[in-house]
Amino acid sequence: MLIGKQLCHFRLESRLLKLQGRTVILIGLLLVVPLTAILTAVPAHAGGPTLVCPPGPPYLGICIVIGQPDFTTLTAGQPSSPTAIGNPTAVAFDSKGDLWAVDTSNNRVLEYKPPFLTGEAASLVIGQTSLTGTGDSSPSGGLFGPTGLAFDPSGNLWVVDSGNNRVLEFKSPFSNGESASLVIGQPTFGGYIGTTTEGGLNSPSYLAFDPSGNLWVTDQGNNRVLEFTSPFSTGQKASVVIGHANFTAFAPSSTTTAKSLFEPVGIAFDSKGNLWVVDSGDHRILEYSAPFSIGDSAASMVIGQSSFTTASSSTGLNAYAIAFDSSGNLWVSDGISGVTEYLAPLSTGETGSQVEGPKTVTGSGTPPGDKLLDPQGLAFDAANNLWVTDHDHGRVVVYGSDVVLTTSSSSSSSTTASGGGGGVPEYPYQLASATIFTLLLVASYLLVRHRSAPRGPVTHEPPMSA
């Protein structure tokens, strides 16, 4: 009787374990199948939004337009309003992912909050007291012809106030009509005259921060680039000059060399800490390898020309700004050819590999919504989507990251930033996640099978006689 009870209990336990095993498998399938489908069908971009572009031409990958109500309205120089941008020259993203744009013709800087939408209204304005204002003339709060902007490692906003020959810092958190906290390029907030000194600026254009948090400014009117070392203070003197042998020289060189600059504008640092400068007057882009020194910094690479001593306008660049994508490729805004990509590893005389939205337009009567007219500022968001200021169309446009990663031959057909769905996941972490869940399911099943298997032979004995 005891053996029979044990056998019955064992069979009951085995059935329960099998039932648990089926339950585990069912739950696993309910989790794995939809999760795997989601991971393979919608490749997410860590740290930024996934944008879905309009299907097919004519927009060539443009996903969103800010500053205009739609893709085909191209009116530049609009007056101040929350939804309009007169003539944008630069864009940047803060640490929260908010978009900031310089509206130079309306003497202001605008903030836009995600999720971004076509025709979106700005949420905040710097340089004016309101989103409809144009006349703030206060020494510490007003802007006159701003051109560039950047954020320092602490999240503070820096703006090139070019018409006033200065750079201003605005402290975070920001508010409408906020006053600047310090000024560089002038001894006080009341100064505005351009000078050629250690601490002066003359029509500065763009700015950038190096990996150590030092500020670099392209001083276009003085044909030089200046470094200002952190911590910063009002009226601070520069520590390094590139383009001249000293801080008092300003005239462009009579010959083009690896040390000369002629009206520099765009500026950026690559992932290695090397400095890149748009030498607009010489129709080229120069790389300078760290460390830098006063007057002795010669360029280590040139893009747009075949050598350091040529400055051809017919074969060179007409560039404004530069930016690097997450793969280290260099992107250039060119007033003639649009936006061009140069693939890493970069080399002297390299030819651009892709053009987005060229200036040349065809057809009459139909607004060229997919074209760019005098593109200037560039920036990549955390998802590697490319944002461009379309200066003479009065708008900021964004190209999805899949367009950024294609070549010119396929850019017109690759118009979704979310990528293709189904099949093998497009990103390694998605494949790894699906594999791990599948392995866990198999392991759970095998464990249940192991526990439910008999641990030895079952002996059937005849029942005992009474």
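**A buried isoleucine, two sheets and a pocket**

Let me begin with Ile285, which lies in strand β16, residues 284–288; strands here are DSSP runs of E, at least two residues long, numbered from the N terminus. This is a predicted model, in which local features need pLDDT of at least 70 and side-chain atom pairs count only at pLDDT 80 or more, while totals for chains, interfaces and linings use all residues. Residues are numbered from 1 along each chain as its sequence is written, and side-chain values use heavy atoms, with hydrogens and water left out.

Is Ile285 buried or exposed? Ile285 counts as buried because its relative accessibility is 0%, where buried means under 20% relative accessible area, with a 1.4 Å probe and protein chains only. Leaving aside residues up to four places away in sequence, Ile285 touches Trp276, Val277, Val278, Met301, Val302, Ile303, Leu317, Ile322 and Val332, contact meaning heavy atoms within 4.5 Å. Val265 is 20 residues from Ile285 in sequence, and their C-alpha atoms are 9.9 Å apart in space.

Two of those contacts, Ile322 and Val332, take us to the next topic, a sheet. Here 4 strands form an open, antiparallel sheet in the order β18-β19-β20-β21, and two strands pair if DSSP finds at least two bridges between them. Its edge strands, each pairing on one side only, are β18 (319–324) and β21 (354–356), and the twist averages 25 degrees from one strand to the next, taken between N-to-C directions of lines fitted to C-alpha atoms, on a scale from 0 to 180 degrees. Within this sheet, strands β19 (330–334) and β20 (338–342) run antiparallel and are joined by 5 bridges, and Trp331 has Glu341 in β20 as its bridge partner.

Another open sheet, also of 4 strands with antiparallel pairing, has the order β2-β3-β4-β5; β2 (88–93) and β5 (124–126) are the edge strands. In this sheet β2 pairs with β3 (99–103) over 5 bridges, and Ala90 stands opposite Val102 in β3.

Which strands each supply at least two residues of the lining of the largest pocket? They are β2, β6 (146–151), β10 (204–209), β14 (264–269), β18 and β22 (375–380). A pocket, on a 1 Å grid over the protein atoms alone, is an open set of points where a 1.4 Å probe fits, with protein on both sides within 12 Å along at least five of seven lines, and lining residues have an atom within 4 Å of a point. Of the 43 lining residues, Ala92, Phe93, Leu378, Ala379 and Phe380 are the closest to the centre.

Technical notes. Buried < 20%, exposed > 50% of the residue type's maximum accessible area, 1.4 Å probe, protein only.
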